[in-house]
Amino acid sequence: MAYWRFVNNPQVTTDQLIEGWSRQTATVAGGRHALAIQDTSEVKFRTRQGCERGLGQVGKGNARGVLLHAMMAVDADSGACLGLAGGKVWTRRGKVKSPHDQRELADKESARWVTTAEQGCEVLAAARMITVINDREGEFFAHWALTPGDNVHLLTRAMNDHALTDGRTLYQAVEQARFCDKAVIDLPRRMDRQGRRARLSLRLGTVAIKRPARPGVKGLPESVEVSFVEVVELHPPKGAERIHWLLLTTHSVANAADAWRIVSWYKQRWIIEQLFRSLKNQGLRVEDSQLESAEALIKLVAIATKVACIVIQLVQARNGGEQLPVECAFTREEIEALAAINQTMKGRTELQKTPHHPHTLEWAAWIIAKLGGWTGYASHRPPGPITFHNGMARFQTIVAARAIGNV
């Protein structure tokens, strides 16, 4: 009942919840090259005819739900998830009658790619460099013209065969370039169901994209110069889906080494797919919620997205790699609760004590995993996302109880 009152309280706004996503992210971004990865996911809820719960249509058919657009910050060198950096959660309110090409950017859903990039750049202002990464849906001229800055770059997979200033199209320019290098890269299971190695051929170049001749972009520059990097799996294994990425970026790409670096950064984009899976069918199962109002469901998704991101950070910490401070995922009150819980978990043997340095994310991951039912023994399977989700649920209950006790 208390939770129902919280999400239905008009003083609790979605904007406030989303603003809270990135408070800890800013503290660990300083001096890094941050990949600001963004994407959109449909969160579908069960409805019946005459009782749509105030939800608009998503996807194809009669499915209803909310749309989640999120941005995650990832260290370009270590791959460590630094946290959320911005986003938006909304539901559609009817159909827009005016044609898409005749509307200003601010009146289109696609504006979220630009506005979220602006949010991310503010949150990651202390970073040495920011590379905004999005998939094909976020590839349009206004994004190229508005997002890049002095230390801000854009990297995306090509969606459109843009007209170029030299009279050619983008695809024609790419086809006229020669393949100049080959390499074998590992494709993890999140990118390929089997998880395999792919032999890719690479070509690169630079083009100037011409401003489209349509309303809504007249105030933008006449052209934008970008580099292209195309990698193609010319001979994929039988039954495997061929890898073919045409990447566009504002980074300078002078040689093959630069191009493979661009490919390695783009590979990090799949971490945001993990966020959406953690939110839905691999942990929180947010789509099973019985809340009846769209506004409450929107707030629920905003809250759950933050938790899903922390779970990804805990899974990464479990796997080792860069040691991040616990402050990148937890508040001061939560860190105090973690320390108190850790005191109750100390067993008589060294195997029953956390082996990690206090106040690191690895230390927090060990404690949360134990709360989630993990035994802590090396002979047992390491904790996975569901264990961490269960641990976070218990942990938040303890944090709430401690807050009541301190009132």
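Mentor: In this predicted model, rings of Phe, Tyr and Trp count as a pair if their centres lie within 6.5 Å, and planes over 60 degrees apart count as edge-to-face.

Trainee: How many aromatic pairs does the structure hold?

Mentor: The criterion is a distance of ring centres within 6.5 Å. By that criterion, the number of aromatic pairs in the structure is four.

Trainee: Is the pair of Trp245 and Tyr266 stacked or edge-to-face?

Mentor: The ring centres of Trp245 and Tyr266 are 5.4 Å apart. Planes over 60 degrees apart count as edge-to-face. The planes of these two rings stand at 65 degrees, so the pair is edge-to-face.

Trainee: Which elements does this pair link, and how many residues apart are Trp245 and Tyr266?

Mentor: Trp245 belongs to strand 10 (residues 244-249), and Tyr266 to helix 7 (residues 256-267). Both residues are buried. The pair links distant parts of the chain, strand 10 and helix 7, with a separation of 21 residues.

Trainee: Which residue joins Trp245 and Tyr266 in a cluster?

Mentor: The cluster is built through ring pairs. Besides Trp245 and Tyr266, its member is Trp270.

Trainee: Why is strand 10 described as largely enclosed by the rest of the structure?

Mentor: Buried means under 20% relative accessible area. Strand 10 is largely enclosed because its buried residues number five of the six.

Trainee: Which residues stand opposite Thr249 in strand 10?

Mentor: Strand 6 (residues 152-157) pairs with strand 10 in the antiparallel sense over three bridges. Strand 9 (residues 223-232) also runs antiparallel to strand 10, and six bridges join them. Opposite Thr249 stand, from strand 6, Leu155 and, from strand 9, Ser227.

Trainee: Over which rings do Lys88 and Arg203 sit?

Mentor: The charged end of Lys88 is 4.8 Å from the centre of the ring beneath it, that of Trp90. Arg203 is 4.3 Å from the centre of the ring whose face it lies over, that of Phe179. The rings are therefore those of Trp90 and Phe179.

Trainee: Which helix gives the largest share of the largest nonpolar core?

Mentor: The largest nonpolar core has 69 residues, and those with the most contacts inside it include Leu124, Phe330 and Ile368. Nine residues of this core come from one helix, residues 361-371. The largest share thus belongs to helix 11.

Trainee: How many residues does the second, separate core have?

Mentor: Val7, Val263, Ala302 and Ala308 are included in this second core. Its number of residues is 58.

Notes
Residues are numbered from 1 along each chain as its sequence is written. This is a predicted model: local features need pLDDT of at least 70, side-chain atom pairs count only at pLDDT 80 or more; totals for chains, interfaces and linings use all residues. Side-chain values use heavy atoms; hydrogens and water are left out. A nonpolar core is a set of buried Ala, Val, Leu, Ile, Met, Phe, Trp, Tyr and Cys residues joined through side-chain atoms within 4.5 Å. Buried means under 20% relative accessible area, exposed over 50%, partly exposed in between (1.4 Å probe, protein chains only). Helices (H or I, at least four residues) and strands (E, at least two) are DSSP runs, numbered from the N terminus. Rings of Phe, Tyr and Trp (its six-membered ring) pair if their centres lie within 6.5 Å; planes under 30 degrees apart count as stacked, over 60 as edge-to-face and the rest as tilted. A charge sits over a ring if NZ of Lys or CZ of Arg is within 6 Å of the ring centre and within 35 degrees of the ring normal. Two strands pair if DSSP finds at least two bridges between them.
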